[in-house]
Amino acid sequence: MAGRKRTVGTTRRERYIRDALLACASLSIITTFAILVILAVETVAFFSEVPLSRFLFDDEWTPLFADAHFGIWPLVAGTLLTSAIALVVAVPFGLLSAVYLGEFAPPRVRGILKPTLELLAGVPTIVYGYFALVVMTPMLQGFVPGLAGLNALSPGIVMGVMIVPLITSLSEDAIEAVPDSLREGAYALGAGRLATIFRVVLPTALSGIAASIVLAVSRAIGETMIVAIAAGQEPRLTLDPRVPIETMTTFMVQVGLGDAPTGSLGYRTLFVVGASLFAMTFVANIFSQRLARRFRER
Amino acid sequence: MVPSTRPTEVRVRTPFVLWSALLVLPACGRGSSDVVAVDGSSTVFPISEAVAEEFAREHRTRVTVGTSGTGGGFKKFCHGEIAITGASRPIKSEEVEMCKAGKVEYIELPVAYDGLAVVVHPDNTWVDHMTVAELAKLWAPEAQDKIERWSDIRPGWPNEEIHLFGAGVDSGTYDYFTEAVVGKEHASRGDYTSSEDDNVLVHGIASDKLALGFFGYAYFHENKDKLKLVPIDDGKADNGAGPIAPSPQTVGDGTYQPLSRPVFVYVSKAATDKPDVAAFVDFYLAKAPTLVPEVGYIPLPDAAYELVRTRFAGKTTGSAFEGGSKVGVTIEDLLRAG
Amino acid sequence: MPPRSSRSVRPPNRSLERAFAGLCLGAALLPVLVLVLLLGNVVIDGIGRLGWDFLTGYSSRVPEHAGILPAIVGSVMLVALTGVFAIPIGIATAIYLEEYGHRGRIATLIEVNIANLAGVPSIIYGLLGLELFVRALGFGRSLLAGALTLALLVAPIVIMASREALRTVPLALREAGFALGATQWSVIRKIVLPMALPGILTGSILAVSRAIGEAAPLVLLGAATAMNFLPDGLLAPFTALPIQIFNWTSRPQAGFAEAAAAAIIVLMLTLLVLNGFAIVLRNRVQRRIRR
């Protein structure tokens with residue numbers, strides 16, 4: 001490394017490399033652009049038939065019925081409810097697991113536990129969906145009064161379990177990367193393990209932890225199969241986790257693989273809901289970006 | 001603190017690259033273009049799968065069968081991307097337009113009946129049959145929040161809640177049920193437990209004494225020890241008087257009405273110029289009478305199959321269903337007319 | 001970075017520490033318990049069905065004859081191809097964002113963009129893949145189209161994980177490299193990347209895990225659910241294990257439920273092998289770097 005001579009050619013090579021990397025990075029912009037185009041075309045066509053006011057102010061979502069209603073809020077409520085439950089499960093379990101793996105676990109335990117947790121991310125979402133429907137719901141019905149066969153609680157919890165490795169793996173990498181010198185400095189000042197973890201390690205690893213949570217939120221909102229199988233297909237404006245609801249993603253898969261003729265108003269709702277979901281995730285991400293930056297600056 | 005970079009780099013990168021190459025190498029090269037591509041409804045899928053399976057025993061042709069849905073299948077079909085699409089409902093007018101725009105001429109071939117069974121829990125002792133009028137009262141859009149108890153449907157039935165289960169609203173089953181029972185497609189109450197997966201409905205009804213639901217006959221047949229079938233009386237004396245329960249017999253001979261619907265396969269006329277496609281469809285229509293019952297559907301009467309075969313042989317295009325489900329008319333009449 | 005507040009730290013409370021460690025261990029084990037429960041269920045249902053015929057057969061209307069050969073081959077080829085596309089592009093994007101495009105407005109935009117893409121439901125990627133790869137670029141309903149679609153789907157995971165991994169490399173190391181006269185790319189290639197490798201591998205593992213379990217977008221763009229031959233090229237039709245599982249679980253015959261469970265076991269084993277390879281790699285690299 002030290003022996004490499006810098007020649008004139010290297011500068012050009014450097015530029016090529018940089019341009020190549022920029023090209024790769026712009027692929028993500030092109031992808032977003034393509035997605036927006038696909039969504040926008042059909043969304044615009046939809047709104048030429050259905051006024052925005054109906055979309056925002058109607059309280060029922062029944063676009064495929066003869067008497068069609070196009071209020072988006074029941075679907076939004078369904079998505080937010082299941083995602084919130086998932087995050088309530090995933091974030092604490094994920095972070096605590098990451099702390100365990102990064103701070104307390106002996107290397108051999110870590111070498112087994114971390115891959116095992118990552119296996120959770122690889123279980124096909126269909127399998128999780130059926131697990132939620134056939135195992136988790138009956139189990140929960142034992143102690144949650146009035147829990148319906150299709151509900152938001154069961155898939156929410158299972159989604160949370162699925163998301164745990166996202167948080168754990170990335171947070172744990174961040175925790176691992178905190179230099180021991182910082183820990184040792186804290187110990188030298190008389191701090192115990194807990195104080196070191198909470199005052200030194202976690203703040204240093206915050207960037208990675210925050211990134212993992214952002215990823216988790218996105219994943220929860222965008223999850224499709226688990227809720228499609230176990231949460232139901234009844235759009236309903238409610239925050240009760242015990243009744244069947246429908247999420248935006250379930251509706252999209254229902255229409256995408258279903259019967260409605262492509263090009264019909266019913267089919268267009270697929271894109272409208274997709275666009276709404278995109279907008280929601282965008283707002284959530286900008287918000288978390290600002291928050292994360294404020295944390296980092298402090 | 002800095003690791004020896006070269007050795008790690010080389011030792012990590014090389015095996016990774018080699019293994020990936022090994023996995024990917026077989027993938028290099030062009031794929032075959034002589035595939036008979038079938039797609040469409042997941043309801044028709046089991047029939048197409050069975051035909052493809054048998055076809056493969058005697059022919060070396062490559063066949064793929066997809067399940068992107070009746071709507072998705074028609075879109076691919078009308079773009080000329082696939083030769084054959086399965087549909088759980090007749091082609092709709094928007095799709096006719098799409099095919100016209102894509103210059104694709106379609107040959108409509110009914111291939112089987114799907115009976116819709118109305119079922120309740122085995123411990124439900126009070127229901128011995130239902131009339132279409134009662135079903136309409138129960139499932140109409142106006143019934144939401146009004147017809148909530150068994151006693152609301154028929155006096156004398158228990159004053160208990162009724163728990164409804166039914167097909168998802170974006171399915172051919174739902175379309176047909178609403179057309180046949182309520183009288184208007186897509187018109188039904190919204191407060192029922194719906195699922196695209198009929199197994200979920202089976203599970204739900206089998207664990208709820210107060211449940212009532214509908215789904216494809218095949219799902220009842222496979223679970224008959226857990227469910228109770230409800231005979232339906234359509235009030236028309238000329239096709240079997242009184243309440244009739246669905247069975248291969250009653251669906252096939254047209255007495256179980258109105259809840260028997262045909263399912264279709266649409267073939268692109270241009271694609272029939274390819275010998276593989278023509279051979280496959282001929283095989284499909286020849287073997288349908290035996291394969292259809294094996295997968296839980298009900299075969300058309302032999303006379304109807306003859307008409308369908310003639311239709312294919314003559315490459316008759318156009319739909320006999322004018323863009324909508326036709327309830328209560330036999331296939332033979334429609335085929336002879338259309 | 002010294003402890004934040006200036007008030008004095010309390011002396012360590014050993015029993016509280018032990019309790020906390022116990023809590024963290026419990027938190028790590030509970031999801032594992034759920035996994036065991038889930039897999040246990042699946043294994044009980046499906047182990048009887050697993051056998052040579054099952055692994056080498058084709059799909060069938062008769063549950064007892066159904067096999068998953070085209071599905072396994074399809075899944076493996078699909079995931080390998082997806083990795084080939086997604087991982088280099090993901091790493092390259094992360095490198096650009098971290099090493100070349102700091103703090104700028106464009107970098108922030110791309111950052112938010114990528115976090116957004118991570119949340120787009122897979123079915124939208126299916127629609128995108130259908131319009132772009134299958135139709136516009138003319139790849140047809142092929143492995144290539146499927147792999148490109150899944151690569152778009154999982155790239156954000158690789159990118160976000162790689163970025164974090166690159167961030168863990170101390171600036172001092174980069175500066176040391178520059179001070180010794182190395183070019184930026186040399187510094188990246190020889191100092192930064194090797195150190196960031198464990199995190200990059202984490203992201204790749206999570207990405208591959210995601211790709212192997214997807215069904216809906218593939219079905220949408222035209223993957224087969226049943227086929228009587230094996231894919232033999234990049235442009236060949238294909239099917240995948242999750243598609244087969246999804247189809248079998250919705251069939252009425254009870255035998256298909258068992259077949260689905262057996263297919264799930266095969267899928268998890270495939271995943272274990274793929275992940276295991278990367279994990280062994282990661283552990284070895286991490287051990288070398290641990291200070």
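Let's start with strand S4 (residues 106-120) of chain B, which is mostly covered: 15 of its 15 residues are buried. Here "buried" means under 20% relative accessible area, while exposed means over 50% and partly exposed is in between (1.4 Å probe, protein chains only). Strands (E, at least two residues) and helices (H or I, at least four) are DSSP runs, numbered from the N terminus.

Before going on, a word on what you are looking at. This is a predicted model, where local features need pLDDT of at least 70, side-chain atom pairs count only at pLDDT 80 or more, and totals for chains, interfaces and linings use all residues. Residues are numbered from 1 along each chain as its sequence is written, chains are lettered from A and ligands numbered from 1 in the order in which they are written, and side-chain values use heavy atoms, with hydrogens and water left out.

**The strands of chain B**

Which strands does S4(B) pair with in the antiparallel sense? One is strand S11 (residues 260-268) of chain B, over nine bridges. Two strands count as a pair if DSSP finds at least two bridges between them. S4(B) also pairs in the antiparallel sense with strand S8 (residues 211-216) over five bridges, and with strand S9 (residues 228-229) over two bridges.

Now look at strand S3 (residues 84-87) of chain B. Both of its faces are covered: B:Ile84 and B:Gly86 are buried on one side, and B:Thr85 and B:Ala87 are buried on the other. S3(B) runs parallel to strand S1 (residues 35-40) of chain B, and three bridges join them. With S11(B), S3(B) pairs in the antiparallel sense over four bridges. So S11(B) turns up twice, as a partner of S4(B) and of S3(B). Here are some residue partners you can find in the structure:

| Residue | Stands opposite | Strand of the partner |
|---|---|---|
| B:Tyr106 | B:Ser268 | S11(B) |
| B:Ala117 | B:Phe215 | S8(B) |
| B:Val120 | B:Lys228 | S9(B) |
| B:Asp39 | B:Thr85 | S3(B) |
| B:Ile84 | B:Val267 | S11(B) |

**A serine in a loop**

Still in chain B, find B:Ser171 in the loop between strand S6 (163-167) and helix H7 (172-182). Is B:Ser171 buried or exposed? B:Ser171 counts as buried because its relative accessible area is 12%. If you leave aside its neighbours within four places in sequence, B:Ser171 is in contact with A:Asp259 and B:Glu196. Contact means heavy atoms within 4.5 Å.

**A nonpolar patch on chain A**

Over on chain A, five names are worth clicking on: A:Leu52, A:Leu56, A:Phe57, A:Trp73 and A:Leu237 make a nonpolar surface patch of about 540 Å². Patches are made of residues with over 30% relative accessible area and no salt bridge; like charges are joined within 9 Å, and nonpolar side chains (Val, Leu, Ile, Met, Phe, Trp, Tyr) within 5 Å. Accessible areas come from the Shrake-Rupley method with a 1.4 Å probe, and for residues only the protein chains shown count as cover.

Which helix gives the largest share of the nonpolar patch? That's helix H2 (residues 52-57) of chain A, with three residues. A:Trp73 sits in helix H3 (residues 73-104) of chain A, and A:Trp73 counts as partly exposed because its relative accessibility is 41%.

**Where chains C and A meet**

Chain C and chain A bury about 9,000 Å² between them, and 73% of it is on carbon and sulfur atoms. Buried area is the accessible area (1.4 Å probe) that two parts lose on being put together, summed over both. The contact takes 96 residues from chain C and 101 residues from chain A.

How many salt bridges does the rule find across the interface of chain C and chain A? Just one. A salt bridge is a side-chain nitrogen of Lys or Arg within 4 Å of a carboxyl oxygen of Asp or Glu. The side chains of A:Glu118 and C:Arg282 meet in a salt bridge, at 3.0 Å from N to O.

**Chain C as a whole**

Chain C has eleven helices and one strand. Read along the sequence, the pattern of chain C is α-α-α-α-α-α-α-α-α-β-α-α. The C-alpha trace of chain C spans about 70 × 55 × 30 Å along its principal axes. Of the 291 residues in chain C, 65% are buried. The accessible surface of chain C is about 10,200 Å², with 66% of it belonging to carbon and sulfur atoms.

What about links between distant parts of the sequence? Among the contacts in chain C with a separation of 6 or more, 74% come from residues 24 or more positions apart. For a pair to look up yourself, try C:Leu235 and C:Ser142, which are 93 residues apart in sequence and 4.7 Å apart in space, C-alpha to C-alpha. C:Leu235 lies in the loop between strand S1 (226-227) and helix H10 (241-249) of chain C, and C:Leu235 is partly exposed, with a relative accessible area of 26%.
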